[in-house]
Amino acid sequence: DGCGHTVLGSESGTLASINYPRTSPNSTVCEWEIRVKPGQRVQLRFGDFDIDDSDSCHSSYLRVHNGIGPNRTEIGKYCGFGFQMDGLITSKSNEVTVQFMSGIHTSGRGFLAAYSTTDKSDLITCLENASHFSEPEFNKYCPAGCVIPFADISGTIPHGYRDSSSLCMAGVHAGVVSNTLGGQINVVISKGIPYYEGSLANNVTSKVGPLSTSLFTFKTSGCYGTLGMESGVIPDSQITSSSILEWPNQTGQVNVWKPENARLKRVGPPWAALISDEHQWLQIDLNKEKKITGIITTGSTLAEYYYYVSAYRILYSDDAQKWTVYREPGMDRDKIFQGNTELYQEVRNNFIPPIIARFFRINPLKWHQKIAMKVELLGCQFSIGRAPKITLPPPPPPRNKNDEKNADFIDDIIHSVKTSLQTDKTTFTPEIKNTTVTPSVTKDVALAAVLVPVLVMVFTTLILVLVCAWHWRNRKKKTEGTYDLPYWDRAGWWKGMKQFLPTKSAEHEEAPVRYSSSEISHLRPREVPTMLQTESAEYAQPLVGGMVGTLHQRSTFKPEEGKEGSYADLDPYNSPIQEVYHAYAEPLPITGPEYATPIIMDMSSHPSTPLGVPSISTFKAAGNQAPPLVGTCSKLLSRTDSASSAQALYDIPKGQLGPGSADQLLYQVPQSLAHSTGSKDE
């Protein structure tokens, strides 16, 4: 009467003392006989050990034996409060006897242990949780029987489980391992979340959990998607049932709860059977063989109709004629799945190993008020081909004893082949795909795949920038040649532009001249034209008969206001009328008359014109009238500074003196100003 939680499987199992983790009653005894496959040995691991040792293991103890029966031999006898046994106890055969004796004591939790075959070197107990391991990812083997009432889990798939949850119990809840068989789990640790949902799955209730520093999920490579009930991939014609509930409502309208209403999360009524008994069923045709790994069910989801199925069986078939009831491997009874406990909650059950079939049938065994449910199937396409059937010709009728022995031998071969094929089919390891897990083994490869293109792009961009800079620098050097101004002088822009003009030939080059009106007044009449002919004037030369020479030649055009004044001559003419004189030649006013371009004549190669011969005018007078000759050398005329004034005066052009007095320098004046100028001279 001292046996507690016990699950003994063919490869692994779990055993505990009575009332664990509370104190066991006095004077109780329990003995477990463990057998595994022949040729294997048994290894035993303790998850918790707390047995009173006040009498030195005399009345309270745990004893382990090699073998079963009277020929067994003792491996060890153990007791003590908080006894730590980190290693494994290994047997010498495939049979082990564990004996627990509880004498007179006042405290002690008892013990909990797990066992497996020796090929499962990473065996853990049902009490291990994620906080016991520091690795971010690890593989462990969970024994059978880890759905224990004294362990808690928080969370669900695919979000993950709280780090305080039992690893193996969470594995059963997630559908990774079977509580009856146990199995391997691949655990991945990641950062925790603020809230963990609760759910019911595989007869394990997950509670709502608060924030934690870390969580864990399970990495698998199987299939865990929906097969088309909710999405409508499975058409209505492929969903049938044993009966349909029809009844009129208060308005007289007939309500029909048809089998096609049994789609999970579909708004409206569910499928309901007309008669509630154990012979009702809901059938789904998948159109071809699929790998079915689980099922999710709900009740009616209608508050006014509190109907749901609390337990059911699963049947499957390839032709809808011959049906097979689902059983767990090694079990001789049908698997009864826990259904819903209320009408709204989604309850999941997984098939380990998965079902491979085309037709799927649900047979309700227990229900609340009426049989009503909504369903979704989990799984994926079945891509693994079955082994070909072995067909042998029928043996001839036996003629003697040797023929009969041969026939029996052939029958044994066929039977063994069929058995092996069926065993391979029913022991397929389930695979569930968890999309929240990122494999860590490929982190380095993924990091390299990202960094290499980024580095290539960075170096390529750097090379392009350097090439462009070098090209721009060379281009700049080429553009800054003999005729380029790298530092542009905005104040003397015309002076800077002179360098682009072709240089005058040596025979026409003239030196600049500076003279004042007082110097001209002292010259004799015949010396004036000679001086003007041999020296260039202080005015801009028209682009006729010669071009401006060098950059240093002076310009008579006025620069912008406020710029450098170094280009302006300081009182070049020494004119007595300083108040109206301007050092620069003003451009013609916009409203003034239009004149022809002055013509420059090289007077150095011609004799001076007599004073009596009229001089050649470089300005065109208005109309056809010849303008009168006015002006003297002793006095330079000035023009007004205002552009709107009609009195525009002009510079003295090159040439010879006109007729008249020898003291006069002759030049033509526009006709419009002839009278005003004459009156002024008078």
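Two strands are said to pair if DSSP finds at least two bridges between them, and this rule is applied here to a predicted model.

**Exercise 1. Find the strand order of the four-strand sheet, and state which strands stand at its edges.**

Step 1. Following the pairs from one strand to the next gives an open sheet of 4 strands in the order β3-β8-β5-β6, and the pairing is antiparallel.

Step 2. The edges are taken by β3 and by β6 (73–78), each of which has a single partner strand, so one side of each is left without a neighbour in the sheet.

Step 3. On average, neighbouring strands of this sheet are turned by 15° against each other, if direction is ignored.

Step 4. For one pair in detail, take β5 (residues 61–66) and β8 (residues 95–102), which are joined in the antiparallel sense over 6 bridges; within this pair, L62 stands opposite F100 in β8.

**Exercise 2. Describe the five-strand sheet and the helix that lies across it.**

Step 1. The 5 strands form an open sheet with antiparallel pairing, and their order is β10-β13-β16-β12-β11.

Step 2. The edge strands are β10 (137–142) and β11 (155–156), since each of them pairs on one side only.

Step 3. Strand β10 is joined by 6 bridges to the antiparallel strand β13 (residues 183–191), and here E137 stands opposite V188 in β13.

Step 4. Helix α1 (residues 167–174) lies across β10, β11, β12 (160–162), β13 and β16 (214–218), and the helix runs at about 50° to β16.

Step 5. Helix α1 is mostly covered, as 8 of its 8 residues are buried; among them are L167, M169 and V172. After the helix comes G175, whose phi is positive, near 85°.

**Exercise 3. Decide whether P21 and L455 are buried, partly exposed or exposed.**

Step 1. The cut-offs are needed before anything else: a residue is buried under 20% relative accessible area, exposed over 50%, and partly exposed in between.

Step 2. P21 has a relative accessible area of 34%, and is therefore partly exposed. This residue lies in the loop between β2 (12–17) and β3 (28–35), and, if residues up to four places away in sequence are not counted, P21 touches R109 and F150. The C-alpha atoms of P21 and D50, which are 29 residues apart along the chain, are separated by 9.3 Å.

Step 3. L455 has a relative accessibility of 48%, so this residue also counts as partly exposed. L455 is found in helix α3 (residues 443–479), and together with L451, F459, L462 and L466 it makes a nonpolar surface patch of about 520 Å².

Technical notes
Residues are numbered from 1 along each chain as its sequence is written. This is a predicted model: local features need pLDDT of at least 70, side-chain atom pairs count only at pLDDT 80 or more; totals for chains, interfaces and linings use all residues. Side-chain values use heavy atoms; hydrogens and water are left out. Helices (H or I, at least four residues) and strands (E, at least two) are DSSP runs, numbered from the N terminus. Contact means heavy atoms within 4.5 Å. Axes are lines fitted to C-alpha atoms, for helices over the stretch in contact, and angles run from 0 to 180 degrees between N-to-C directions. Patches are made of residues with over 30% relative accessible area and no salt bridge: like charges are joined within 9 Å, nonpolar side chains (Val, Leu, Ile, Met, Phe, Trp, Tyr) within 5 Å. Accessible areas come from the Shrake-Rupley method with a 1.4 Å probe; for residues, only the protein chains shown count as cover. A salt bridge is a side-chain nitrogen of Lys or Arg within 4 Å of a carboxyl oxygen of Asp or Glu. Buried means under 20% relative accessible area, exposed over 50%, partly exposed in between (1.4 Å probe, protein chains only).
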